[in-house]
There are 2 protein chains.
Amino acid sequence: MLNVGAAAKASGLPKKTVRYYADIGLVEPSGRSEAGYRVYAEAEIQKLIFARRARAFGFSIDACRELLDLYTDTSRSSADVKRIAERRLGELYAKMRDLQALCDELSILVEACRGDDRPDCPIITTLAAPPREGG
Amino acid sequence: MLNVGAAAKASGLPKKTVRYYADIGLVEPSGRSEAGYRVYAEAEIQKLIFARRARAFGFSIDACRELLDLYTDTSRSSADVKRIAERRLGELYAKMRDLQALCDELSILVEACRGDDRPDCPIITTLAAPPREGG
DNA sequence: TTAAGGGTTCCATCTACTGGAAGGTCAAGA
DNA sequence: TCTTGACCTTCCAGTAGATGGAACCCTTAA
């Protein structure tokens, strides 16, 4: 049975985050010591690790909640898990597309900017009046 | 001279955001009417539009502040503008790389998951104990 | 006994807004 | 003149996901 500091070390999460996850009910400690300290059993440590990795994949806290439910439910359907992961993958693709478009536009501007001590600057000009805002 | 609603329409920003930008001193109104209404002159409308476009490029509010300073400073050096844009471009590239790696990993997992009514699921398994966390 | 190093709670802060309540202002119509 | 509705104002709260710090309690070893 580990207290919050040891649980943090074992899970790879900051102490603050372990407490935060307890507060929001994402991963609650197995119980409390007599002094009121949070105590974590092995199963909860595993959940903390699972949560950390799911967060690293960019799953939202709510998605992590769903995934943790499925993780602990050994009679789950893999279809349910897949659905959540596909949803996240869709978000990732969408964000990638947006970022790519932004990168493309911005790098064109950066390359077009001489970057000297004169004031003329296509970056400023474009932000003030972009060439094709309507379409 | 436009009040906040008209300025919002003219700039393409929500009213709330125009007020917010005034509050944080990003784009302040030219003045106030006798009744205390914010009033915006053409120059401030241009700044609002500029800010909106800079935000659309993902520049932070602080970066927008710098850019607006340069926008209004006609004796600016384009090098200063370029530096800010390059910084942002670096962030974008970094985020793209992270997202790409995430997409790659997650799509492998999604494809490996049968998505049926059985519990076995490589997504769950990987989140619980990824194959190569240490390297 | 005391000091270090745990732990606890609660509140504030971060980003960039957004929503809503309570109340003042203004122009038009009855 | 009164009212109605659409404006405007300020202020407070909330969003996501933590993180930092203050004030205070617990434990243990010297």
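# Charges and symmetry in a two-chain model

Over all chains, the structure holds 18 salt bridges. It is a predicted model, and the points below take up some of these charge pairs, a positive patch on the surface of chain A, and the rotation by which chain A is superposed on chain B.

**How the chains are related**

- Chain A is superposed on chain B by a rotation of 180 degrees, with 0.0 Å of shift along the rotation axis and an RMSD of 0.2 Å.
- This is the relation of a two-fold axis, and within chain A the C-alpha nearest that axis belongs to A:Met96, at 3.3 Å from it.

**Salt bridges between Asp116 and Arg118**

- In chain A, the side chains of A:Asp116 and A:Arg118 meet in a salt bridge, with an N to O distance of 2.9 Å.
- A:Arg118 has a relative accessible area of 42% and is therefore partly exposed, since that class lies between the 20% limit for buried and the 50% limit for exposed residues.
- The pair also belongs to a network of salt bridges, in which A:Arg114, A:Asp116, A:Arg118 and A:Asp120 are linked.
- In chain B, a salt bridge joins the side chains of B:Asp116 and B:Arg118, here with an N to O distance of 2.8 Å.
- The two partners in chain B fall into separate classes of accessibility, as B:Asp116 counts as buried at 18% relative accessibility, whereas B:Arg118 is partly exposed with a relative accessible area of 42%.

**A salt bridge within helix α4 of chain B**

- B:Asp62 forms a salt bridge with B:Arg65, and the closest N and O atoms of this pair are 3.6 Å apart.
- Both residues lie in helix α4 (residues 61-72) of chain B, and because they are three residues apart there, about one helical turn separates them.
- B:Asp62 counts as exposed, with 51% relative accessibility, while B:Arg65 counts as partly exposed, with 28%.

**A positive patch on chain A**

- Four residues, A:Lys9, A:Lys15, A:Lys16 and A:Arg19, form a positive patch on the surface.
- Helix α2 (residues 15-23) of chain A gives the most to this patch, contributing three residues.
- A:Lys9, by contrast, lies in helix α1 (residues 4-11) of chain A, and its relative accessibility of 76% is why A:Lys9 counts as exposed.

Terms used:
Residues are numbered from 1 along each chain as its sequence is written. Chains are lettered from A and ligands numbered from 1 in the order in which they are written. This is a predicted model: local features need pLDDT of at least 70, side-chain atom pairs count only at pLDDT 80 or more; totals for chains, interfaces and linings use all residues. Side-chain values use heavy atoms; hydrogens and water are left out. Patches are made of residues with over 30% relative accessible area and no salt bridge: like charges are joined within 9 Å, nonpolar side chains (Val, Leu, Ile, Met, Phe, Trp, Tyr) within 5 Å. Accessible areas come from the Shrake-Rupley method with a 1.4 Å probe; for residues, only the protein chains shown count as cover. Lys and Arg count as positive and Asp and Glu as negative; His and the chain ends are not counted. The place of a charge is taken as NZ of Lys, CZ of Arg, CG of Asp or CD of Glu. Helices (H or I, at least four residues) and strands (E, at least two) are DSSP runs, numbered from the N terminus. Buried means under 20% relative accessible area, exposed over 50%, partly exposed in between (1.4 Å probe, protein chains only). Copies are superposed by least squares on the C-alpha atoms of residues with pLDDT of at least 70 in both.
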